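Q: I am new to this structure and would like a close look at one part of it. Could you start with the cysteines and then walk me outward from there?

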Amino acid sequence: MKKDRLWQEWHPVLKETELHEDPKQVHILGERVVLFRNQKGVHAFKDLCIHRGAALSLGKVKNGNIVCPYHAWEYNDEGICVKIPALPCERAIPQKAKATVYHCQVYAGLIWVNLSEQPLPLLNYPEYSREGYRTAICGPYKVSANAPRVIENFLDISHLMFVHGGLLGDEDHAEVQNYDVTFVDGRFITSEIPIYQPNPDGRSVGGYTDYVYEILNPTTARFTKSVEGSSEEFIVLITVVQEADEQTKVFMLLTRNYDLDKPDEPFVEFQDLIFKQDLDVVESQKPELLPLDLQAEMHLKCDALTIAYRRWLDELGIETGTTPNYRKKREIVPS
Ligand code: FES
Ligand code: CO
(Lines give C-alpha, C1' and ligand atoms only; values in the text may rest on other atoms or scores of the structure.)
(Ligands and ions follow the chains in the order given, each with its own letter.)
Protein backbone atom coordinates (compact mmCIF):
# COMPACT_ATOMS: atom_id res chain seq x y z
CA MET A 1 0.00 0.00 0.00
CA LYS A 2 1.45 3.31 -1.06
CA LYS A 3 1.19 6.02 1.51
CA ASP A 4 1.74 9.55 0.31
CA ARG A 5 3.59 12.40 1.96
CA LEU A 6 0.65 13.39 4.11
CA TRP A 7 1.65 10.45 6.32
CA GLN A 8 4.88 12.24 7.18
CA GLU A 9 3.18 15.51 8.06
CA TRP A 10 2.09 16.60 11.52
CA HIS A 11 -1.67 16.70 11.98
CA PRO A 12 -3.48 19.06 14.37
CA VAL A 13 -5.99 16.97 16.28
CA LEU A 14 -7.23 18.79 19.38
CA LYS A 15 -6.94 22.06 21.27
CA GLU A 16 -4.55 21.41 24.10
CA THR A 17 -7.07 22.72 26.63
CA GLU A 18 -9.56 20.04 25.60
CA LEU A 19 -7.56 17.05 26.78
CA HIS A 20 -8.29 16.44 30.44
CA GLU A 21 -7.85 13.34 32.61
CA ASP A 22 -9.77 11.01 30.28
CA PRO A 23 -8.29 9.70 27.04
CA LYS A 24 -9.76 11.01 23.76
CA GLN A 25 -10.20 9.46 20.36
CA VAL A 26 -9.23 11.39 17.24
CA HIS A 27 -8.98 10.39 13.57
CA ILE A 28 -6.12 10.97 11.16
CA LEU A 29 -6.12 9.76 7.55
CA GLY A 30 -8.55 6.99 8.41
CA GLU A 31 -6.56 5.87 11.48
CA ARG A 32 -8.10 5.75 14.94
CA VAL A 33 -5.77 7.44 17.44
CA VAL A 34 -6.05 7.81 21.23
CA LEU A 35 -4.63 10.82 23.07
CA PHE A 36 -3.96 10.83 26.76
CA ARG A 37 -2.19 12.99 29.26
CA ASN A 38 -0.01 12.09 32.20
CA GLN A 39 2.54 13.99 34.27
CA LYS A 40 5.12 13.75 31.49
CA GLY A 41 2.85 15.32 28.89
CA VAL A 42 0.56 14.31 26.07
CA HIS A 43 0.83 10.97 24.26
CA ALA A 44 -0.71 9.47 21.13
CA PHE A 45 -1.16 5.73 20.43
CA LYS A 46 -3.00 3.75 17.83
CA ASP A 47 -6.42 3.42 19.43
CA LEU A 48 -6.32 -0.35 19.55
CA CYS A 49 -5.49 -2.83 22.27
CA ILE A 50 -3.34 -5.69 21.01
CA HIS A 51 -5.25 -8.21 23.12
CA ARG A 52 -8.71 -8.09 21.52
CA GLY A 53 -8.73 -4.86 19.56
CA ALA A 54 -10.78 -2.72 21.94
CA ALA A 55 -10.43 1.06 21.71
CA LEU A 56 -8.07 2.25 24.42
CA SER A 57 -9.85 5.62 24.31
CA LEU A 58 -12.78 3.97 26.13
CA GLY A 59 -10.46 3.24 29.03
CA LYS A 60 -8.90 5.53 31.58
CA VAL A 61 -5.56 6.84 32.75
CA LYS A 62 -4.26 5.32 36.00
CA ASN A 63 -0.88 6.15 37.56
CA GLY A 64 0.25 7.66 34.28
CA ASN A 65 -0.64 4.51 32.29
CA ILE A 66 -3.50 4.01 29.89
CA VAL A 67 -5.78 1.13 30.91
CA CYS A 68 -7.81 -0.81 28.36
CA PRO A 69 -11.56 -0.86 29.14
CA TYR A 70 -11.98 -4.54 28.26
CA HIS A 71 -9.58 -6.64 30.38
CA ALA A 72 -7.64 -3.79 32.00
CA TRP A 73 -4.25 -4.31 30.40
CA GLU A 74 -2.14 -1.30 31.33
CA TYR A 75 0.26 0.41 28.93
CA ASN A 76 2.85 2.93 30.05
CA ASP A 77 3.55 6.09 28.03
CA GLU A 78 6.14 4.23 25.93
CA GLY A 79 3.42 1.81 24.87
CA ILE A 80 4.79 -1.12 26.89
CA CYS A 81 2.22 -3.28 28.62
CA VAL A 82 3.10 -3.25 32.30
CA LYS A 83 0.11 -5.07 33.76
CA ILE A 84 -2.19 -7.91 32.69
CA PRO A 85 -4.56 -8.56 35.59
CA ALA A 86 -5.64 -12.05 34.38
CA LEU A 87 -2.07 -13.32 34.18
CA PRO A 88 -0.93 -15.42 37.19
CA CYS A 89 1.75 -13.34 38.94
CA GLU A 90 4.60 -15.77 38.24
CA ARG A 91 4.10 -15.39 34.47
CA ALA A 92 6.02 -12.65 32.67
CA ILE A 93 4.14 -10.19 30.44
CA PRO A 94 4.74 -11.21 26.82
CA GLN A 95 7.10 -8.82 25.01
CA LYS A 96 4.67 -8.52 22.14
CA ALA A 97 2.18 -6.80 24.43
CA LYS A 98 2.72 -3.26 23.18
CA ALA A 99 0.72 -0.35 21.89
CA THR A 100 1.70 1.46 18.68
CA VAL A 101 3.14 4.81 19.73
CA TYR A 102 2.97 7.88 17.51
CA HIS A 103 4.95 11.11 17.73
CA CYS A 104 2.99 13.74 19.59
CA GLN A 105 3.70 17.40 20.43
CA VAL A 106 1.92 20.37 21.89
CA TYR A 107 2.55 23.55 19.92
CA ALA A 108 0.69 26.82 19.45
CA GLY A 109 -2.17 25.66 21.65
CA LEU A 110 -2.83 22.51 19.61
CA ILE A 111 -1.93 18.84 19.96
CA TRP A 112 -0.12 17.56 16.87
CA VAL A 113 0.35 13.90 15.92
CA ASN A 114 2.62 12.33 13.35
CA LEU A 115 1.90 8.78 12.18
CA SER A 116 5.21 8.27 10.43
CA GLU A 117 8.52 6.92 11.65
CA GLN A 118 10.26 9.74 9.78
CA PRO A 119 8.34 12.87 10.66
CA LEU A 120 8.90 16.04 8.71
CA PRO A 121 9.61 19.11 10.86
CA LEU A 122 6.68 20.64 12.69
CA LEU A 123 5.60 24.02 11.34
CA ASN A 124 6.93 27.24 12.80
CA TYR A 125 4.44 29.90 13.90
CA PRO A 126 6.56 32.49 15.76
CA GLU A 127 3.75 34.99 16.26
CA TYR A 128 2.00 32.58 18.62
CA SER A 129 4.54 33.25 21.36
CA ARG A 130 5.74 36.68 20.24
CA GLU A 131 5.43 39.40 22.82
CA GLY A 132 2.70 41.88 22.02
CA TYR A 133 0.71 39.33 20.02
CA ARG A 134 -2.37 37.45 21.13
CA THR A 135 -3.90 34.35 19.57
CA ALA A 136 -7.43 32.97 19.70
CA ILE A 137 -8.08 29.48 18.39
CA CYS A 138 -11.18 28.91 16.25
CA GLY A 139 -12.84 25.64 15.39
CA PRO A 140 -12.57 22.84 15.00
CA TYR A 141 -14.85 23.18 12.01
CA LYS A 142 -15.93 19.99 10.26
CA VAL A 143 -15.99 19.97 6.47
CA SER A 144 -17.21 17.21 4.17
CA ALA A 145 -14.39 17.67 1.68
CA ASN A 146 -10.77 16.66 1.27
CA ALA A 147 -8.08 18.77 2.91
CA PRO A 148 -6.59 20.28 -0.29
CA ARG A 149 -9.98 21.72 -1.30
CA VAL A 150 -10.20 23.38 2.13
CA ILE A 151 -6.68 24.82 1.98
CA GLU A 152 -7.18 25.98 -1.58
CA ASN A 153 -10.31 27.86 -0.58
CA PHE A 154 -8.27 29.70 2.04
CA LEU A 155 -5.72 30.64 -0.63
CA ASP A 156 -8.35 31.72 -3.12
CA ILE A 157 -8.36 35.49 -3.47
CA SER A 158 -11.06 36.29 -5.99
CA HIS A 159 -13.90 34.68 -3.99
CA LEU A 160 -13.59 37.19 -1.14
CA MET A 161 -15.73 39.79 -2.91
CA PHE A 162 -18.58 37.37 -3.51
CA VAL A 163 -18.73 34.71 -0.82
CA HIS A 164 -17.76 37.29 1.82
CA GLY A 165 -19.24 40.38 0.16
CA GLY A 166 -19.75 43.27 2.60
CA LEU A 167 -17.11 41.80 4.92
CA LEU A 168 -13.88 40.67 3.28
CA GLY A 169 -14.63 42.12 -0.11
CA ASP A 170 -16.87 44.23 -2.24
CA GLU A 171 -18.14 43.21 -5.66
CA ASP A 172 -17.51 46.66 -7.09
CA HIS A 173 -13.80 46.18 -6.23
CA ALA A 174 -13.46 42.65 -7.57
CA GLU A 175 -10.31 43.08 -9.67
CA VAL A 176 -7.23 41.43 -8.25
CA GLN A 177 -3.91 43.10 -9.00
CA ASN A 178 -1.03 41.00 -10.23
CA TYR A 179 1.14 39.62 -7.48
CA ASP A 180 4.21 37.40 -7.16
CA VAL A 181 4.48 33.98 -5.59
CA THR A 182 7.96 32.86 -4.56
CA PHE A 183 9.30 29.79 -2.82
CA VAL A 184 11.61 30.80 0.03
CA ASP A 185 12.79 28.79 3.06
CA GLY A 186 10.60 25.83 2.24
CA ARG A 187 7.36 27.77 1.88
CA PHE A 188 5.47 29.80 -0.69
CA ILE A 189 4.98 33.49 -0.03
CA THR A 190 3.20 36.17 -2.04
CA SER A 191 3.93 39.83 -2.43
CA GLU A 192 1.43 42.21 -0.83
CA ILE A 193 -2.02 41.97 -2.41
CA PRO A 194 -4.28 44.96 -1.78
CA ILE A 195 -7.96 44.09 -1.35
CA TYR A 196 -10.77 46.48 -0.58
CA GLN A 197 -12.52 45.19 2.55
CA PRO A 198 -15.58 46.70 4.22
CA ASN A 199 -14.93 44.74 7.44
CA PRO A 200 -11.54 42.98 7.49
CA ASP A 201 -11.54 41.59 11.05
CA GLY A 202 -15.00 42.18 12.48
CA ARG A 203 -14.30 45.69 13.76
CA SER A 204 -16.12 47.29 10.78
CA VAL A 205 -13.24 49.55 9.79
CA GLY A 206 -13.22 49.36 6.00
CA GLY A 207 -10.51 50.22 3.49
CA TYR A 208 -7.67 48.66 1.56
CA THR A 209 -6.00 45.77 3.36
CA ASP A 210 -2.72 44.24 2.20
CA TYR A 211 -2.61 40.46 2.30
CA VAL A 212 0.58 38.40 2.32
CA TYR A 213 -0.19 34.71 1.95
CA GLU A 214 2.10 31.83 2.85
CA ILE A 215 1.73 28.09 2.26
CA LEU A 216 3.64 26.36 5.05
CA ASN A 217 2.91 22.74 4.22
CA PRO A 218 0.29 20.81 2.25
CA THR A 219 -2.30 21.20 5.02
CA THR A 220 -1.30 24.53 6.60
CA ALA A 221 -1.37 28.08 5.26
CA ARG A 222 -1.55 31.58 6.66
CA PHE A 223 -1.96 35.19 5.71
CA THR A 224 -0.92 38.41 7.36
CA LYS A 225 -3.18 41.41 6.90
CA SER A 226 -1.98 44.93 7.40
CA VAL A 227 -3.01 48.43 6.45
CA GLU A 228 -0.54 50.93 5.03
CA GLY A 229 0.63 53.40 7.64
CA SER A 230 -0.47 51.23 10.58
CA SER A 231 1.56 48.79 12.65
CA GLU A 232 -1.47 46.59 13.29
CA GLU A 233 -1.17 43.03 12.05
CA PHE A 234 -3.89 40.42 11.83
CA ILE A 235 -2.72 36.91 11.03
CA VAL A 236 -4.87 33.90 10.28
CA LEU A 237 -3.33 30.46 10.19
CA ILE A 238 -5.38 27.56 8.92
CA THR A 239 -4.33 24.01 9.62
CA VAL A 240 -6.38 20.95 8.89
CA VAL A 241 -6.42 17.25 9.58
CA GLN A 242 -7.98 14.95 7.08
CA GLU A 243 -9.82 12.53 9.34
CA ALA A 244 -11.16 10.22 6.66
CA ASP A 245 -12.09 10.36 2.98
CA GLU A 246 -13.91 13.65 2.37
CA GLN A 247 -13.91 14.44 6.05
CA THR A 248 -11.69 17.23 7.31
CA LYS A 249 -11.36 19.04 10.63
CA VAL A 250 -10.16 22.63 10.54
CA PHE A 251 -8.44 24.76 13.16
CA MET A 252 -7.77 28.46 12.69
CA LEU A 253 -5.46 30.59 14.75
CA LEU A 254 -6.29 34.30 14.78
CA THR A 255 -3.35 36.35 15.94
CA ARG A 256 -3.40 40.11 16.44
CA ASN A 257 -1.01 42.69 17.84
CA TYR A 258 -3.71 45.18 18.83
CA ASP A 259 -6.73 45.22 21.14
CA LEU A 260 -4.80 42.87 23.39
CA ASP A 261 -6.92 43.75 26.39
CA LYS A 262 -10.17 43.15 24.51
CA PRO A 263 -11.90 39.75 24.59
CA ASP A 264 -11.26 37.21 21.82
CA GLU A 265 -14.91 36.26 21.35
CA PRO A 266 -15.89 38.90 18.76
CA PHE A 267 -12.88 37.90 16.60
CA VAL A 268 -13.77 34.22 16.93
CA GLU A 269 -17.45 34.83 16.17
CA PHE A 270 -16.47 36.82 13.08
CA GLN A 271 -14.28 33.96 11.87
CA ASP A 272 -17.07 31.45 12.58
CA LEU A 273 -19.32 33.49 10.30
CA ILE A 274 -16.68 33.71 7.53
CA PHE A 275 -16.06 29.99 7.70
CA LYS A 276 -19.77 29.23 7.49
CA GLN A 277 -19.98 31.33 4.33
CA ASP A 278 -17.28 29.18 2.71
CA LEU A 279 -18.66 25.84 3.80
CA ASP A 280 -21.44 25.23 1.26
CA VAL A 281 -19.23 26.19 -1.67
CA VAL A 282 -16.30 24.02 -0.59
CA GLU A 283 -18.53 21.02 0.08
CA SER A 284 -20.11 21.46 -3.37
CA GLN A 285 -16.84 21.32 -5.32
CA LYS A 286 -16.30 18.49 -7.79
CA PRO A 287 -14.21 16.53 -8.26
CA GLU A 288 -13.55 15.83 -4.59
CA LEU A 289 -9.89 15.25 -5.33
CA LEU A 290 -8.24 18.53 -6.19
CA PRO A 291 -7.28 18.27 -9.88
CA LEU A 292 -3.49 18.48 -10.01
CA ASP A 293 -3.44 18.33 -13.78
CA LEU A 294 -3.56 22.03 -14.65
CA GLN A 295 -5.44 21.32 -17.86
CA ALA A 296 -8.39 20.01 -15.88
CA GLU A 297 -9.88 23.35 -14.76
CA MET A 298 -9.48 26.96 -15.89
CA HIS A 299 -7.07 29.38 -14.31
CA LEU A 300 -6.64 33.15 -14.25
CA LYS A 301 -3.64 35.23 -13.35
CA CYS A 302 -5.22 35.98 -9.96
CA ASP A 303 -5.19 32.22 -9.28
CA ALA A 304 -1.38 32.20 -9.24
CA LEU A 305 -1.31 31.18 -5.59
CA THR A 306 -3.68 28.24 -5.96
CA ILE A 307 -1.84 27.18 -9.11
CA ALA A 308 1.42 27.17 -7.12
CA TYR A 309 -0.32 25.06 -4.46
CA ARG A 310 -1.57 22.51 -7.00
CA ARG A 311 1.84 22.29 -8.67
CA TRP A 312 3.49 21.76 -5.30
CA LEU A 313 1.10 18.97 -4.29
CA ASP A 314 1.80 17.34 -7.61
CA GLU A 315 5.56 17.63 -7.13
CA LEU A 316 5.31 16.21 -3.61
CA GLY A 317 3.28 13.29 -4.92
CA ILE A 318 0.37 14.05 -2.64
CA GLU A 319 -2.46 11.87 -3.74
CA THR A 320 -4.92 14.03 -1.81
CA GLY A 321 -7.08 11.11 -0.73
CA THR A 322 -6.71 9.48 2.63
CA THR A 323 -7.04 5.76 2.23
CA PRO A 324 -4.80 4.08 -0.31
CA ASN A 325 -7.72 2.86 -2.44
CA TYR A 326 -9.54 6.18 -2.35
CA ARG A 327 -8.40 7.35 -5.76
CA LYS A 328 -9.44 4.10 -7.32
CA LYS A 329 -12.81 4.28 -5.65
CA ARG A 330 -13.30 7.84 -6.94
CA GLU A 331 -12.27 6.94 -10.46
CA ILE A 332 -14.95 4.32 -10.85
CA VAL A 333 -17.70 6.64 -9.64
CA PRO A 334 -18.97 8.61 -12.65
CA SER A 335 -19.09 12.31 -11.87
FE1 FES B 1 -7.68 -4.72 25.80
FE2 FES B 1 -8.39 -7.19 26.39
S3 FES B 1 -8.89 -6.01 24.65
S4 FES B 1 -7.28 -5.80 27.56
CO1 CO C 1 -13.63 32.28 2.09
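A: Happily! Let's start with C104: its sulfur lies 20 Å from the closest cysteine sulfur, which belongs to C49, and that is too far for a bond. A disulfide here would need the two sulfur atoms within 2.5 Å. By this rule the count comes to zero disulfides. Another cysteine, C68, is buried, with a relative accessible area of 4%. Please keep in mind that this is a predicted model.

Now for the surroundings. The UniProt record, an unreviewed entry, places the feature "domain: Rieske" at residues 10-113. Over residues 10-113 the chain is 0% helix and 44% strand, and the C-alpha atoms at the two ends of this stretch are 5 Å apart.

One piece to look at is an open sheet of four strands, in the order β5-β6-β7-β8, with antiparallel pairing. At its edges stand β5 (60-62) and β8 (81-83); each has a single partner strand, so one side of each is left without a neighbour in the sheet. As a general point, strands of a sheet pair through backbone hydrogen bonds, either parallel or antiparallel. Strand β7, residues 74-75, pairs with β8 in the antiparallel sense over two bridges. Here you meet another cysteine: C81, in β8, is the bridge partner of Y75.

Follow the chain on from β8 and you come to a loop that leads to β9 (101-107), and L87 lies in this loop. With a relative accessibility of 24%, L87 counts as partly exposed, because buried would require under 20%. Leaving aside neighbours within four places in sequence, L87 is in contact with A92 and I93.

Two stops elsewhere in the chain are worth a visit. One is helix α1, residues 147-155, where N153 has its place. N153 has a relative accessibility of 15% and counts as buried. Not counting residues up to four places away in sequence, N153 touches H159, D278 and V282.

The other stop is a hairpin formed by β12 and β13, with two residues between the strands. Strand β12 covers residues 181-184 and strand β13 residues 187-190; they pair in the antiparallel sense over four bridges. Within this pairing, T182 of the hairpin stands opposite I189 in β13. In the turn, D185 has a positive phi of about 50°. A general remark may help as you look at strands: in a regular strand the side chains alternate between the two faces of the sheet.

Finally, step back to see the whole. The protein chain holds five helices and 18 strands. Its C-alpha trace spans about 80 × 55 × 35 Å along the principal axes. For 335 residues, a compact globule would have a radius of gyration near 20 Å, and the 22 Å of the protein chain agrees with that. Of these 335 residues, 50% count as buried. Take the contacts in the protein chain with a separation of 6 or more: 57% of them are accounted for by residues 24 or more positions apart. On the outside, the protein chain exposes about 16,700 Å², and carbon and sulfur atoms supply 49% of that area.

Conventions
Residues numbered from 1 in each chain as written. Chains lettered and ligands numbered in written order. Predicted model: local features only at pLDDT ≥ 70, side-chain atom pairs only at ≥ 80, totals over all residues. Heavy atoms only, no water. UniProt positions renumbered as here; feature names shortened; annotations may be inferred. Pairing = 2+ DSSP bridges. Rg over C-alpha atoms; globule rule 2.2 N^0.38 Å. Buried < 20%, exposed > 50% of the residue type's maximum accessible area, 1.4 Å probe, protein only. Contact = heavy atoms within 4.5 Å. Areas by Shrake-Rupley, 256 points an atom, 1.4 Å probe, with all protein chains shown as cover.
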